[in-house]
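Colleague: Please take a close look at a single part of this model and describe its packing in one connected account. I should like each technical term to be given with its cut-offs.

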Amino acid sequence: MRADAQRNAEKLRTAAAELFQERGLQVPLKEIARRAGVSHGTLYNLFGTREALIDEVVTDLAADRLDEAAEHALSLEDAWAGFAYYIETVCELQATDPALADVLSGRYPGAERLMALCDRAHDASTRIIERAQQAGALRPDFTGEDLLFVFGTNALLTRAAADAAPDAWRRGVAFMLDGLRTQAAQKPLPVGPLTPQQMYDVMGRLSGTP
């Protein structure tokens, strides 16, 4: 890559990182190019797609944060404390980083590294859920798809309330966690969990992705 192309690529990475974190992963690419001070065509010439740009500037940061949250949750001796910590931590990340709020939507199949991260996060969350259920602390009818639904609705709430009530998500998460304890399961749930395909479609709509 020529020196001028390298400079433009770095400007685009910086602008993309800023705008993704400010507004989420659906920010128009033209705005990224404008902030970087380059043409729209230059962005496409250097990166080709939104997904390639996401993998360049978002995936590593998201991986560090999500992996750290899962590892700490699994390291806690109390399985319920680990489960609650994981949910609270991811929900807080969603509230403070719009890009990360979009990461778990799974709606960017062209971003191969990001999708691998989503798979890894799903595997880790499954272990966290099963550990809490085996300890008898988490109601047995809670599934991985239910957890994704929690994160999807939290992402929607945090985005809508960002200006008016930026901490509103904490109250919702507290109520939700109380309802997930084993002793809260007084009767069968009225409907079953979403299928993986239904969850994929729902998360896409919650994230605003067509």
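Modeller: Contact here means heavy atoms within 4.5 Å, and helices (H or I, at least four residues) are DSSP runs numbered from the N terminus. The model is predicted, so local features need pLDDT of at least 70 and side-chain atom pairs count only at pLDDT 80 or more, while totals for chains, interfaces and linings use all residues. Residues are numbered from 1 along each chain as its sequence is written, and side-chain values use heavy atoms, with hydrogens and water left out.

The part I have chosen is helix α2 and its surroundings. Helix α2 spans residues 29-36. Within α2, L29, I32, A33 and A36 are buried (under 20% relative accessible area; exposed means over 50% and partly exposed in between, with a 1.4 Å probe and protein chains only). These four lie on the same side of α2, because they cover an arc of only 95° around the axis, taken from the directions from the helix axis to the C-beta atoms. K30 and R34 are exposed, on the face of α2 turned away from its buried side.

R35 also belongs to α2. R35 is partly exposed, with a relative accessible area of 40%. Leaving aside residues up to four places away in sequence, R35 touches A15, E18, L19 and E22. Just after α2, G37 takes a positive phi of about 75°.

The buried residues of α2 pack against α1, α3 and α4. Two of these partners also pack against each other: α1 (residues 3-23) and α3 (residues 40-47) do so at an angle of about 100°, with their axes 10 Å apart. They are therefore roughly perpendicular, a term for angles from 65 to 115 degrees. On the α1 side, A5, N8, A9, L12 and R13 meet T42, L43, L46 and F47 of α3. The residues of this contact divide into six nonpolar, two polar and one charged.

The remaining partner, α4 (residues 50-57), has R50, L53, I54, D55 and V57 buried. The buried residues of α4 pack against α1, α2 and α3, and also against α5 (59-75) and α8 (112-134).

One buried residue of α2 leads further inward. I32 is listed with F20, F83 and Y86 as having the most contacts inside the largest nonpolar core, which has 57 residues. The largest share of this core, eight residues, comes from helix α6 (residues 79-96).

Notes:
Axes fitted to C-alpha atoms, helices over the stretch in contact; angles between N-to-C directions. Helix = DSSP H or I, 4+ residues; strand = E, 2+ residues; numbered from the N terminus. Parallel < 35°, antiparallel > 145°, perpendicular 65-115°, else oblique. Nonpolar A, V, L, I, M, F, W, Y, C, P; charged D, E, K, R; others polar. Core = buried A, V, L, I, M, F, W, Y, C linked by side-chain atoms within 4.5 Å.
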